[in-house]
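Work through the exercises below with the sequence and the structure at hand. Each task is followed by a solution in steps.

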Amino acid sequence: MHSMNVSKRCSVIFLLACFCFLQQTHSESQSSPPRYLQNIDIGSNASNSNNNNNERLQQILKGAGAGATQINWPTRSKQGIPDIKTELAKLNTTYIYQNAWPANNVKLGAVTAVSFDKAGNVVIFHRVDRIWGQDTFDNANQYREKYRGPIRESTVLALEPATGRVQYDWGKNFFYMPHGLTVDPEDNVWLTDVAMHQVFKYAPRGAGNKPLLTLGVAFQPGSGKKFCKPTSVAILDNGDFFVADGYCNARILKYTRSGELILSWGQNSFAGVSYDVAPQNYFAIPHALTLVPELELLCTADRENGRVQCFSSRNGTFHSQYHNQLIGDRLFSMAYTPASGGELVIVNGPSAELGIHPEHYNEVHGFVMNMRNRQLVSKFGPNNLEFQNPHDVAVTADGNEIYVAELNPMRIHKFLHKSMAKPMSLSATKEGKSIGGVPAETPAAGVDPSQTASTTTTHHPSGKAVLVASLMLIFSGSTFALALMMARRRKRGNEAINNQAAPPSDLVYRKLTASNQSCLPFGARSRRHAWEKAEGFKLGGLLDRDRNGFEKLDQQASDEEQETSTLSSAAAPYA
């Protein structure tokens, strides 16, 4: 009896445990935490929220890790997962691809960065013959190919915006693995080299061939005053600048004009702590920087978190973040334009998910995002298709031109706003050439790719095809008319022969057939003679003639000439 009570109690306990477990799993499935935080505005909305945010910021900057007090990060309300493919198809295309740009003689390696100089030239940084592969760095981030020496050819090219022709070039025999390039308001050029782990400032157009300022220690990755694969630089109007220290340290540093460190912030979200929601000020590779002067903001592309984080350019406090599920989980670069009230031009990247069927659908495009409402305005890509490996993007201040640097295929892309694109003339043709490995079998410059897509189902004949068809019709009609004329002449000749008392002479018949042959377009194979007529040829016919003998032929003229003079009289019988 006692054993039965014990078994009943155990059964009840087991059932209660199962019920609690099912209830817990149901609640977890109903409210799974989102990956991205709600945007938090550190402004003057509420003093309490400001204090809380500042406390959280200080905790992060001090390095809150697994052993620290858990931070209750605010999360936004649950949102339904959209159909990414369908929503992407709905986005407008407001920029037209310029496939004839740059000029065909521009030879490029992997293009890593793009900016503008004061003259408006498009300045690019490329790797020439260097490829960043799996074995380029060791586990300590040391560059393994130092033995190859620096790149021997020019790594910096300035291209004319209209034609893409090279205006000037420099950067030979110095860089090993180019990454970031920015031209400041004074036309100085700032560059980063991930192999050398250094940041360089050059005079305008690389004058002097030596850097004016160098930060970091060559080929020595580290922290503190050292860098570890720095990615990008942004420069304020007063000369202060920011460095994204990028692949290893995952931090942003602010310096004075002379290179003295002012402040730094950020931690690596790859540093052994896993987050369902990416916290503010944590980076998974700060890959690019851009400034928003009107709001005094510095924005960074938080690459592997698929978002843009913006901070105060004065003190580095968090301001806002921008993400959209259509962009995906990888965001490589962004650039700001004040056009249309302030827009971010963004390029994402291919999904890092492995396998034949990744969990999330992904397309690689350029996107235009409105900073006021955080909505995507449009998308763009080469011929309205996808990029493969875009790495950096630049946009003019008026928002009319966008340039995208791509690693593979190795090229620089140009896009022009629809309002600025020139219509293509009907006589324009596209040469079947390729630039940087990209086939040139694409719509000509100034043509809306969305319009060219519709022409794949409705074909319009070219001028050459119309001309050939017209000539064929004219030739067929002329041949038919000539054949009809020939038939009428032959009919008349036969009627004249039938009306004569005697068969015509051989010379007359040859005259008739000769006139018919002159009408044939390709001549005649054989000639018909008088003895081929119905009466046939009889030798006796020659003997039955008048015994006056044969007429003597005129040696001064041919038979046809003599016959011409006697056609008006009665035709003489065969002699």
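## Exercise 1: A strand pair and its sheet

In the predicted model, Asp245 stands opposite Arg251 in E12.

Task: Find the two strands that this pair belongs to, and place them in their sheet.

Solution.
- Step 1. The strands are E11, residues 241-245, and E12, residues 251-255.
- Step 2. E11 and E12 run antiparallel and share five bridges.
- Step 3. An open sheet of four strands contains them, in the order E10-E11-E12-E13, with antiparallel pairing.
- Step 4. At the edges of this sheet are E10 (230-235) and E13 (261-265); each has a single partner strand, so one side of each is left without a neighbour in the sheet.
- Step 5. On average, neighbouring strands of this sheet are turned by 20° against each other, direction ignored.

## Exercise 2: A second open sheet

Task: Give the order of the open sheet that contains E6, and state which strands stand at its edges.

Solution.
- Step 1. The order is E6-E7-E8-E9, and the pairing is antiparallel.
- Step 2. E6 and E9 (213-215) stand at the edges; each has a single partner strand, so one side of each lacks a neighbour in the sheet.
- Step 3. The average turn between neighbouring strands of this sheet is 15°, direction ignored.
- Step 4. E6 and E7 are joined in the antiparallel sense by four bridges, and Thr182 stands opposite Trp190 in E7.

Task: Locate Gln198 and decide whether it is buried or exposed.

Solution.
- Step 1. Gln198 is in strand E8, which covers residues 198-202.
- Step 2. A residue is buried if its relative accessible area is under 20%.
- Step 3. The relative accessibility of Gln198 is 6%, so Gln198 counts as buried.
- Step 4. Leaving out residues up to four places away in sequence, Gln198 touches Leu191, Thr192 and Asp193, and also Thr214, Leu215, Gly216, Val217, Ala218 and Pro230.

## Exercise 3: A buried charge

Task: Determine what surrounds Asp184 and which side chain of opposite charge is nearest to it.

Solution.
- Step 1. Asp184 lies in the loop between E6 (178-183) and E7 (189-193).
- Step 2. Asp184 is buried, and the nearest side chain of opposite charge is that of Lys201, 5.1 Å away.
- Step 3. A salt bridge requires a side-chain nitrogen of Lys or Arg within 4 Å of a carboxyl oxygen of Asp or Glu. Asp184 has no salt bridge.
- Step 4. The side chain of Asp184 does make a polar contact, at 3.0 Å, with the side chain of Trp190.
- Step 5. Beyond its neighbours within four places in sequence, Asp184 is in contact with Trp190 and Ile235.

## Exercise 4: Strand E4 and its partners

Task: Describe the side chains of E4 and name the strands with which E4 pairs.

Solution.
- Step 1. E4 covers residues 156-159; Val156 and Ala158 point one way, Leu157 and Leu159 point the other way, and all are buried.
- Step 2. E3 (residues 122-126) is antiparallel to E4 and is joined to it by four bridges. Here Leu157 is the bridge partner of Ile124.
- Step 3. E5 (residues 166-170) also pairs with E4 in the antiparallel sense, over four bridges. Here Ala158 stands opposite Tyr168.
- Step 4. The hairpin of E4 and E5 has six residues between the strands, and in it Gly164 takes a positive phi near 85°.

## Exercise 5: Strand E18 between two hairpins

Task: Decide how far E18 is enclosed, then follow its pairing.

Solution.
- Step 1. Six of the six residues of E18 (residues 307-312) are buried, so this strand is largely enclosed by the rest of the structure.
- Step 2. E17 (residues 297-302) pairs with E18 in the antiparallel sense over six bridges, and Arg307 is the bridge partner of Asp302.
- Step 3. Four residues lie between the strands in the hairpin of E17 and E18, where Gly306 takes a positive phi near 60°.
- Step 4. E18 is joined to E19 (residues 318-322) by four bridges, again antiparallel; Val308 has Tyr322 as its bridge partner.
- Step 5. The hairpin of E18 and E19 has five residues between the strands, and Gly316 takes a positive phi near 80°.

Notes
Residues numbered from 1 in each chain as written. Predicted model: local features only at pLDDT ≥ 70, side-chain atom pairs only at ≥ 80, totals over all residues. Heavy atoms only, no water. Buried < 20%, exposed > 50% of the residue type's maximum accessible area, 1.4 Å probe, protein only. Pairing = 2+ DSSP bridges. Lys, Arg positive; Asp, Glu negative; His and termini not counted. Polar contact = N/O pair within 3.5 Å; in protein donor to acceptor, adjacent residues only side chain to side chain. Contact = heavy atoms within 4.5 Å. Axes fitted to C-alpha atoms, helices over the stretch in contact; angles between N-to-C directions.
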